[in-house]
Amino acid sequence: MIDGPAVTVAEFETPALLLDLDIMEANLASTAARLRERGIALRPHAKTHKSAEVARHQLDHGAAGLTVATIGEAEVFARHGFTDLFIAYPLFATGTKAARLAELARRVKLRIGVESVAGAQALAGALAGANGPAPAEVLIEIDSGQHRTGMQPAAAGELAAACRSLGLDVAGVFTHGGHGYASPGSGPGAAADEDAALWSAAKQLTGAGFDVREVSAGSTPTAAFPGSHITEERPGTYAFNDRQQLVLGSCQPGQIAVTVAATVVSTTVSGQAVIDAGSKALASDRPAWLTGHGAVPDLGGAVVMALSEHHGLVDLAGHSAPAVGTVVTVIPNHICTAVNLFDRYTLVRSGQPAGTWPIEARGHLS
Ligand SMILES: Cc1ncc(COP(=O)(O)O)c(C=O)c1O
């Protein structure tokens, strides 16, 4: 059975995104302390929370800056006073995106991911800008085993040299060991792969005459096992955790900071309760090794087995049917995609309502 945060809040409309501040703060503090002890900088990925308030808490706990995935997310955080941003994504910035990027680079300290010559050429053009050159650093993206994006380490020196000849300032290398999500227990191996691939790439850069100032790794399953060459970690989900992280073994039940509160609207079908949180509240990400779309601790860990847009079908698995009108909390499979569906967090502290925070950067996909 999976436990969730104890919530006694009753005064909100469902579905609602509940954020337990005590648990979040403990999550932020423990990861920050662990990395500080190792002398590794923490640059949390803000795509998880998309919230200026959560980001402020992360900086208060010593984060060096923020990671984001899109220019739009970077613009939102820049508008809220965040001045050190890494767009850890192989942007292809042309047209209006090029103009936005140049404008952003003039306002904040900006790092941008690069993993192709074409992307580097577009980036150099964007930063040259119509209003004169805009300052930014680039990090070469390395494929450490996820096989999503990134250069093979052996090719990193060549791309870095191409960046230099385009006038780009290469500050180092980065990777996302996303294969730490392959199955429970994959985290330590993926972390070792991150370290080995980044070190091999960093040596290529050093050999080509570069001063490698950053070796940046990051995901929640791997950030607990940083290798000896890593200078910066970029976990995002660690702030909130979710059902995936529980099953992967990356967090404990008491570390789930965000849940979706939902009302039971039907128990007509025997063995089933229907809640008012469907795919438009829980999102529908589901890795092959996980059954269903969320766990319901209040119902003995029953699982949301099917989703319509506004209906979640909970298999009660022998648990007695709750009364229609009962409010339950659901631990979504993947909290980042669920957060992006809501306008605000409903805050909880010590089981009591504590206001709301807006999710300013929800959407902002480009
Ligand atoms: C490039 C990059 N860095 C960091 C992260 C953060 O990883 P996690 O969500 O496992 O915390 C992600 C997640 O997708 C990512 O794509």
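This dialogue goes through the ligand site and the domains of a predicted model.

Colleague: Which residues surround the ligand, and which of them are the closest?

Modeller: The ligand is surrounded by 14 residues, and the closest are Lys 47, Tyr 181, Thr 220, Gly 236 and Thr 237. Sorted by class, this shell holds 4 nonpolar, 7 polar and 3 charged residues.

Colleague: Which side chains have an N or O atom that pairs with an oxygen atom of the ligand?

Modeller: A polar contact is read as a pair of N or O atoms within 3.5 Å. In this model, a side-chain N or O atom of Tyr 181 is 2.4 Å from a ligand oxygen, while for the side chain of Thr 237 the corresponding distance to an oxygen of the ligand is 2.8 Å, and for the side chain of Arg 148 it is 3.0 Å.

Colleague: How much of the ligand's accessible area does the protein cover?

Modeller: The general idea is that the size of an interface is often given as the accessible area lost when the parts come together. Here the ligand on its own has 380 Å² of accessible area, of which the protein covers 90%.

Colleague: Where does the ligand sit?

Modeller: The ligand is placed in the largest pocket.

Colleague: What does the domain assignment give for the protein chain, and how many residues of domain 1 and domain 2 are in contact?

Modeller: The assignment gives domain 1 as 45–235 and domain 2 as 249–351. Their C-alpha centres lie 33 Å apart, and across the two domains 12 residues of domain 1 are in contact with 7 residues of domain 2, where contact means heavy atoms within 4.5 Å.

How values were computed: Residues are numbered from 1 along each chain as its sequence is written. This is a predicted model: local features need pLDDT of at least 70, side-chain atom pairs count only at pLDDT 80 or more; totals for chains, interfaces and linings use all residues. Side-chain values use heavy atoms; hydrogens and water are left out. A residue is near a molecule or strand if one of its heavy atoms lies within 4 Å of it. A polar contact is a pair of N or O atoms within 3.5 Å; within protein, one must be able to donate a hydrogen and the other to accept it, and residues adjacent in sequence count only if both atoms are side-chain atoms. Accessible areas come from the Shrake-Rupley method with a 1.4 Å probe; for residues, only the protein chains shown count as cover. On a 1 Å grid over the protein atoms alone, a cavity is a set of points where a 1.4 Å probe fits but cannot get out, and a pocket is an open set with protein on both sides within 12 Å along at least five of seven lines; lining residues have an atom within 4 Å of a point. A molecule sits in a cavity or pocket if more than half of its atoms lie within 2 Å of its grid points. Ala, Val, Leu, Ile, Met, Phe, Trp, Tyr, Cys and Pro count as nonpolar, Asp, Glu, Lys and Arg as charged, and the others, Gly among them, as polar. Domain bounds come from an automatic or database domain assignment.
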